[in-house]
Amino acid sequence: MATDIDATTLVAERADKAREASHVMANLPREAKDAALRDIASAIDAARAEILEANQADMKAGEENGTSKAMLDRTKLDDARIDGLMAALEELANQADPVGEVTDGRQLPNGMRLRQVRVPLGVVGVIYEARPNVTVDIAGIAIRSGNAVLLRGGSAAAHTNKVLVRVIQEVLEKKGLPVAAVQSVDDGGRPAANAMMEAVGKIDILIPRGGRNLIQSVVNNAKVPVIQTGEGNVHIFLDASAPTEQSTEIVLNAKTQRPSVCNAVETLLIHADALEGTGKTVLSALVAAGVTLHGDERVAEAVDAEVVPAQEEDFTDEYLDLDIAVKIVDSLDEALAHIERYSTGHTDAIITESVTSQQAFLKNVNSAVVVVNASTRFTDGGEFGLGAEVGISTQKMHARGPMGAVALTSWKWILEGDYNVRS
């Protein structure tokens, strides 16, 4: 494994190459970026067997090392997921190019002309664990938005990521584009992640994508500006008027369709007036689906199944598994207070037939995504029509919620005058 000094040098050298590449990528015409994205999709399809073989090696290593089910699910690729990566690249190729978009403009009273124009961020660093899909998503979004990226994907998907980065770089080389536009620093080991966090002036923005420990490590230690993403302590509130059949379908989808991801529901809040009807039906359906309930005596009395006594951490942590925290609340205000205290600002939802409750929820819940009468699983770049996503930002800066190509741009002001001087 590389030493700290080796990793620091490695990151600095590759970041310098990425900087040079970013200048080329920022000035590419749309047609060149579209063609590159489509050719990468085709190359991934052609390398499908090799990618799946590498992924099997990662999965086997993970199983032997006792990796959690959630992490294994995030690591896994199959034909359907590869098809999804290709579809995301095609959708990115079909999107409008954000670079050069004029977002504001006016003529000033002194006759000078002012425009605000979208520009790429430059060099984007991404630190993530498992998730080989992120390798393709980030590379595609970076190309669409005219950036260069440095990727630190971790050991869980090392074999898969190595193949994917090579396939992407081969396409870039064939297209006459800078190979350094998409680079991995995985060969620098964990010290490379630390070096990325300290690469001030080399990396323009750093994005962590993974579990709480990884995200907090980057947020707390990085000297490079960070966009915080991912951690999803997601809530669904069953209002007093929540309909039984629809509520059951939504909650089951949000919890069981893919429990290992950040938009899966982790806490279910049930209005006391809905407990006897809708609440009991939803809880029974969760139990029948193999979900373990964590709650208090009121929850235990409502369902004919074992309920694990809820502790404070049940309301603060992501399960990323077939577990759910349940709390009975006596009012909408109590539900709002609970969400205010425990939500990570990712996604929170209400199921209701009351316009008054809906409007109060939308007004008072300030998460990146607030959902009415639908599954929280829709919080996703692909579902939002972004093609792919860099991650889901839980902060309140320029990028919030699912981040697509626009989130990897900033802007510059262009001021044109006629030899004006300020008096």
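Arg 131 sits in the loop between β3 (123-128) and α6 (132-144). This is a predicted model. Arg 131 is buried, yet it has no salt bridge. A search of the whole structure finds 27 salt bridges.

**Around Arg 131**
- The nearest side chain of opposite charge is Glu 129, 5.7 Å away from Arg 131. A salt bridge needs the nitrogen within 4 Å of a carboxyl oxygen.
- Leaving aside residues up to four places away in sequence, Arg 131 touches Arg 74, Thr 75, Arg 209 and Gly 210.

**Strand β6**
- Strand β6 covers residues 205-209, and 5 of its 5 residues are buried, so the strand is largely enclosed by the rest of the structure.
- On one side lie Ile 205, Ile 207 and Arg 209. Leu 206 and Pro 208 lie on the other, and both faces are covered.
- β3 and β6 run parallel, joined by 5 bridges. Ile 127 has Pro 208 as its bridge partner in β6.

**Nonpolar cores**
- The largest nonpolar core has 76 residues. Within it, Ile 44 and Leu 206 touch the most other members.
- A second, separate core has 28 residues, including Leu 238, Ala 274, Val 303 and Val 371.
- Not counting residues up to four places away in sequence, the contacts of Leu 206 include Ile 127, Met 196, Val 218 and Ile 227.

**The seven-strand sheet**
- This open sheet has 7 strands in the order β10-β9-β11-β8-β7-β12-β13, with parallel pairing.
- β10 (307-309) and β13 (369-372) stand at the edges. Each has a single partner strand, so one side of each is left without a neighbour in the sheet.
- Neighbouring strands are turned by 25° against each other on average, direction ignored.
- β7 (residues 234-238) and β8 (residues 265-271) pair in the parallel sense over 5 bridges. Leu 238 has Ile 270 as its bridge partner in β8.

**Salt bridges across the chain**
- Asp 187 and Arg 14 meet through their side chains at 2.7 Å, N to O. Asp 187 is in the loop between β5 (182-184) and α8 (189-197), and Arg 14 is in helix α1 (residues 4-26), 173 residues apart.
- Arg 38 forms a salt bridge with Glu 90, with the closest N and O atoms 3.1 Å apart. Arg 38 lies in helix α2 and Glu 90 in helix α5, so the pair ties together parts that are 52 residues apart in sequence.
- Arg 113 forms a salt bridge with Asp 418, at 3.6 Å between the closest N and O atoms. Arg 113 is in strand β2 and Asp 418 in the segment after β16, 305 residues apart.
- Arg 113 is partly exposed at 33% relative accessible area, whereas Asp 418 counts as exposed at 54%.
- Arg 30, Lys 33, Asp 34, Asp 97 and Arg 144 are joined into one network by salt bridges that share partners.

Methods:
Residues are numbered from 1 along each chain as its sequence is written. This is a predicted model: local features need pLDDT of at least 70, side-chain atom pairs count only at pLDDT 80 or more; totals for chains, interfaces and linings use all residues. Side-chain values use heavy atoms; hydrogens and water are left out. A nonpolar core is a set of buried Ala, Val, Leu, Ile, Met, Phe, Trp, Tyr and Cys residues joined through side-chain atoms within 4.5 Å. Buried means under 20% relative accessible area, exposed over 50%, partly exposed in between (1.4 Å probe, protein chains only). Contact means heavy atoms within 4.5 Å. Helices (H or I, at least four residues) and strands (E, at least two) are DSSP runs, numbered from the N terminus. Lys and Arg count as positive and Asp and Glu as negative; His and the chain ends are not counted. Two strands pair if DSSP finds at least two bridges between them. Axes are lines fitted to C-alpha atoms, for helices over the stretch in contact, and angles run from 0 to 180 degrees between N-to-C directions.
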